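The exercises below are to be worked with the sequence and the coordinates at hand. Each task is followed by a solution in steps.

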There are 2 protein chains.
Amino acid sequence: MTTARARNYAGLSAEERRLVRRERLIEGAIRAYGELGYRNTTVKAVCEAAGLTERYFYESFANSEALLVAAFDTVSRRVFSCLERVRKEHRGPAEERGHAVLRAYYQMLKDDPDGARLFVIEIARVGPAVDAVWGALLPQFGEVLARMMAPDSDIKPNPGELVRAGVVGGVVQIAKEWIRSGYARNVDAVAADALKICRVLAA
Amino acid sequence: MTTARARNYAGLSAEERRLVRRERLIEGAIRAYGELGYRNTTVKAVCEAAGLTERYFYESFANSEALLVAAFDTVSRRVFSCLERVRKEHRGPAEERGHAVLRAYYQMLKDDPDGARLFVIEIARVGPAVDAVWGALLPQFGEVLARMMAPDSDIKPNPGELVRAGVVGGVVQIAKEWIRSGYARNVDAVAADALKICRVLAA
DNA sequence: GTTTTCTGACACGTGGTATTGTCAGATTAA
DNA sequence: TTAATCTGACAATACCACGTGTCAGAAAAC
């Protein structure tokens with residue numbers, strides 16, 4: 001019954017090695033998608049960017065969309081934890097807090113253009129499964145923006161769902177245009193423009 | 001030298017028959033895209049919806065994207081001419097005019113769900129050529145919204161480009177959510193929510 | 001009625017990528 | 001060292017829709 005006894009390589013167990021490869025694929029995907037766009041990125045290209053071959057792709061992901069979702073998740077966690085941190089740091093007036101959070105958001109997009117493209121552009125309209133991921137994130141994003149504009153950061157404001165969705169759509173559209181322009185205007189100016197739209201959420 | 005002398009069929013010249021078929025393909029495309037989504041719609045499916053065969057597809061369009069652009073153009077002309085008409089009809093206060101124009105916009109989306117899906121959803125992220133068409137429409141849309149919110153409808157207001165883009169993004173995102181909900185809320189309520197965002201444009 | 005042109009149905013080749021399979025060589029444990 | 005396992009390169013296959021070509025029959029002209 002020697003059912004393929006797992007053997008350590010480079011001091012790592014089989015499962016650990018798999019997870020390392022998974023991470024490398026995700027980072028490779030972020031770079032590849034950022035450079036070529038998801039649509040033009042073949043499985044082969046991602047594997048090359050990760051320094052691995054196709055067999056390891058299918059070891060960790062069922063298909064391209066699964067990797068896209070994983071990569072998006074990685075970036076989205078980074079962004080959200082940052083925004084939440086900044087929001088909690090600022091207990092002053094809503095205006096100031098709003099500007100700080102938006103500034104952090106756009107600054108992150110500028111600091112990591114590959115991640116930005118994935119988070120803002122490439123995630124959209126890939127397929128039902130991927131769209132559902134973005135669909136689930138939208139209300140969360142709205143919640144963060146609504147809280148950041150609440151008079152007291154701990155109070156839960158309650159504008160209509162459509163209004164929240166609209167504000168998120170506006171903030172993201174501004175990001176799209178800004179990215180398309182090659183980050184032409186400075187971060188503060190962009191955040192100030194976005195804040196104008198977010199004021200709709202001020203209860 | 002009888003180089004295929006054009007012959008009338010059903011009282012129409014060869015060119016007229018071609019244009020009729022072209023129109024049928026466009027209308028078929030709007031219906032097919034609305035039902036299946038552009039991505040899942042094959043050339044064959046469009047032709048079936050139009051009651052024609054593939055040969056006539058390539059008679060009028062170089063490829064699928066060309067038809068998508070033509071179909072989008074058709075819908076977008078309808079929408080814009082309606083919005084412009086409504087805007088010019090209302091010479092009262094900006095608030096009232098804004099609500100009327102937005103109401104007309106969302107009403108059109110509700111009255112023609114296939115066209116709505118094409119105009120709001122299916123056009124996005126198909127490819128560079130198609131994206132360029134939407135990219136060109138965005139500022140126009142922003143211009144319409146800005147004028148509708150100007151104190152005097154004839155005065156040309158001038159908020160920043162990013163702000164305009166953001167507002168358009170918001171209005172469209174609201175449309176997306178509303179469509180996704182199956183047009184759950186009534187048109188007036190949706191227009192009122194969108195108007196909240198458009199107030200940012202009031203000079 | 002005969003001939004010419006148009007129309008619709010369908011078959012076929014093409015291209016490009018996903019996904020699976022094979023195998024030699026590298027790495028580790030005994 | 002030797003045997004077992006892992007790894008990477010690459011070949012082979014599957015698949016899907018586009019775009020083109022063929023051909024018989026319908027519709028118009030004469």
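**Exercise 1. Check the length of α8(B) and describe its surroundings.**

Solution. The model is a predicted one. Step 1: take the 20 residues of α8(B) at 1.5 Å a residue, which gives an expected span of 28 Å. Step 2: compare this with the end C-alpha atoms, which are 28 Å apart, so expectation and model agree. Step 3: count the buried residues. In α8(B), 16 of the 20 residues are buried, so the helix is largely enclosed by the rest of the structure. Step 4: look past the end of the helix. α8(B) is followed by Gly182(B), which has a positive phi near 75°.

**Exercise 2. Describe the side of chain B that touches chain A.**

Solution. Step 1: count both sides. Chain B contributes 23 residues to the contact and chain A contributes 23 residues. Step 2: assign the residues of chain B to elements. Both α8 (161-180) and α9 (187-198) of chain B supply at least two residues each. The largest share of this side, 14 residues, comes from α8(B). Step 3: sort by class. The side of chain B that touches chain A has 14 nonpolar, 5 polar and 4 charged residues.

**Exercise 3. Summarise the fold of chain A.**

Solution. Step 1: list the elements. Chain A has 9 helices and 0 strands, and from the N terminus the order is α-α-α-α-α-α-α-α-α. Step 2: take the extent of the C-alpha trace of chain A, which spans about 65 × 35 × 30 Å along its principal axes. Step 3: evaluate burial; 36% of the 203 residues of chain A count as buried. Step 4: evaluate contact range. Among the contacts in chain A with a separation of 6 or more, 68% are between residues 24 or more positions apart.

**Exercise 4. Test α4(A) for its expected length and find its packing partners.**

Solution. Step 1: helix α4 of chain A covers residues 64-89, and its 26 residues at 1.5 Å each should span 38 Å. The end C-alpha atoms of α4(A) are 38 Å apart, so the two values agree. Step 2: list the buried residues of α4(A): Leu67(A), Leu68(A), Ala71(A), Phe72(A), Val75(A), Val79(A) and Leu83(A). Step 3: consider the spacing in such a list. An α-helix has 3.6 residues a turn, so residues three or four places apart point the same way. Step 4: find the partners. The buried residues of α4(A) pack against α1 (14-36), α2 (43-50), α5 (94-111), α6 (113-122) and α7 (128-149) of chain A.

**Exercise 5. Classify the packing of α8(A) against α9(A).**

Solution. Step 1: the axes of α8 (residues 161-180) and α9 (residues 187-198) of chain A come within 9 Å and cross at roughly 160°. Step 2: apply the cut-off for antiparallel axes, an angle over 145 degrees. The crossing angle therefore makes α8(A) roughly antiparallel to α9(A). Step 3: assign the hand; α8(A) passes α9(A) in a right-handed crossing. Step 4: name the residues that meet. From α8(A) these are Val167(A), Gly170(A), Val171(A), Ile174(A) and Trp178(A), and from α9(A) they are Val190(A), Asp193(A), Ala194(A), Ile197(A) and Cys198(A). Step 5: by class, this contact has 8 nonpolar, 1 polar and 1 charged residues.

**Exercise 6. Examine two loop residues with unusual phi.**

Solution. Step 1: recall the background. Most residues other than glycine have a negative phi. Step 2: Arg125(A), not a glycine, has a positive phi of about 55°. Arg125(A) sits in the loop between α6 and α7 of chain A and counts as partly exposed because it has 17 C-beta neighbours inside 10 Å. Step 3: Tyr183(B) has a positive phi near 60°. Tyr183(B) belongs to the loop between α8 and α9 of chain B and is partly exposed, with 15 other C-beta atoms within 10 Å.

**Exercise 7. Is Arg97(A) buried or exposed, and how far apart are the C-alpha atoms of Arg97(A) and Arg87(A)?**

Solution. Step 1: place Arg97(A) in helix α5 of chain A. Step 2: count neighbours. Arg97(A) has 21 other C-beta atoms within 10 Å, so it is buried. Step 3: take the separation. Arg97(A) and Arg87(A) are 10 residues apart along the chain, and their C-alpha atoms are separated by 6.4 Å.

Terms used: Residues numbered from 1 in each chain as written. Chains lettered and ligands numbered in written order. Predicted model: local features only at pLDDT ≥ 70, side-chain atom pairs only at ≥ 80, totals over all residues. Helix = DSSP H or I, 4+ residues; strand = E, 2+ residues; numbered from the N terminus. Expected span 1.5 Å × (residues − 1). Buried ≥ 20, exposed ≤ 12 C-beta atoms within 10 Å, placed from the backbone. Contact = placed C-beta atoms within 7 Å. Axes fitted to C-alpha atoms, helices over the stretch in contact; angles between N-to-C directions. Parallel < 35°, antiparallel > 145°, perpendicular 65-115°, else oblique. Left-handed = near helix turned anticlockwise from the far one by under 90°. Nonpolar A, V, L, I, M, F, W, Y, C, P; charged D, E, K, R; others polar.
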